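The exercises that follow are meant to be worked through with the sequence and the structure side by side. Try each task before reading its solution.

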Amino acid sequence: MLFRGPNINPHVFDRLHETARKHDIPVQVRGVPRATGTDANSMQLSRDGVAAALIGIPNRYMHSPVEMVCLDDLERAARLLAEFCLAATPQTDWTP
């Protein structure tokens, strides 16, 4: 799941979404109208700001000893991040 909202850098979101489309990685988009309650929010606001995005992996029983995720979702999220990082260059502009 890709999150979109005021604390998500639009360029990072667009590049993640395009990377998913290009590599046939299924994603869902979820809007977040305020702070996410995750480290992405803190990172985005630190010092002069950091280009942050948020990827979520669907799960059950979060924060419990029996939390479960689908291994396919976990693998797809890792692949999305890897492909995204491979496409970034020193010339990539993250400025919104």
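Helices (H or I, at least four residues) and strands (E, at least two) are taken as DSSP runs and numbered from the N terminus. The model is a predicted one.

**Exercise 1.** Work out where Tyr 61 lies relative to the strands of the chain.

*Solution.* Begin with the inventory, in which the secondary structure of the chain comes to 3 helices and 4 strands. Next, set these in order from the N terminus, which gives β-α-β-α-β-β-α. Finally, locate the residue: Tyr 61 falls in the loop that joins β3 (59-60) to β4 (68-69).

**Exercise 2.** Decide how Tyr 61 should be classed, as buried, partly exposed or exposed, and find which residues make a nonpolar surface patch with Tyr 61.

*Solution.* The relative accessible area of Tyr 61 is 49%. Because buried means under 20% and exposed means over 50%, with partly exposed in between, Tyr 61 is classed as partly exposed. As for the patch, Tyr 61 forms it together with Val 66 and Met 68, and its area is about 310 Å².

**Exercise 3.** Describe the chain as a whole, covering its burial, its surface, its contacts and its charges.

*Solution.* Start with burial, where 23% of the 96 residues count as buried. Turn then to the accessible surface, which comes to about 6900 Å², with 54% belonging to carbon and sulfur atoms. Among contacts with a separation of 6 or more, 65% are between residues 24 or more positions apart. Lastly, the chain carries 10 positive and 11 negative side chains, and the centres of these two sets lie 4 Å apart.

Methods
Residues are numbered from 1 along each chain as its sequence is written. This is a predicted model: local features need pLDDT of at least 70, side-chain atom pairs count only at pLDDT 80 or more; totals for chains, interfaces and linings use all residues. Side-chain values use heavy atoms; hydrogens and water are left out. Patches are made of residues with over 30% relative accessible area and no salt bridge: like charges are joined within 9 Å, nonpolar side chains (Val, Leu, Ile, Met, Phe, Trp, Tyr) within 5 Å. Accessible areas come from the Shrake-Rupley method with a 1.4 Å probe; for residues, only the protein chains shown count as cover. A salt bridge is a side-chain nitrogen of Lys or Arg within 4 Å of a carboxyl oxygen of Asp or Glu. Buried means under 20% relative accessible area, exposed over 50%, partly exposed in between (1.4 Å probe, protein chains only). Contact means heavy atoms within 4.5 Å. Lys and Arg count as positive and Asp and Glu as negative; His and the chain ends are not counted. The place of a charge is taken as NZ of Lys, CZ of Arg, CG of Asp or CD of Glu.
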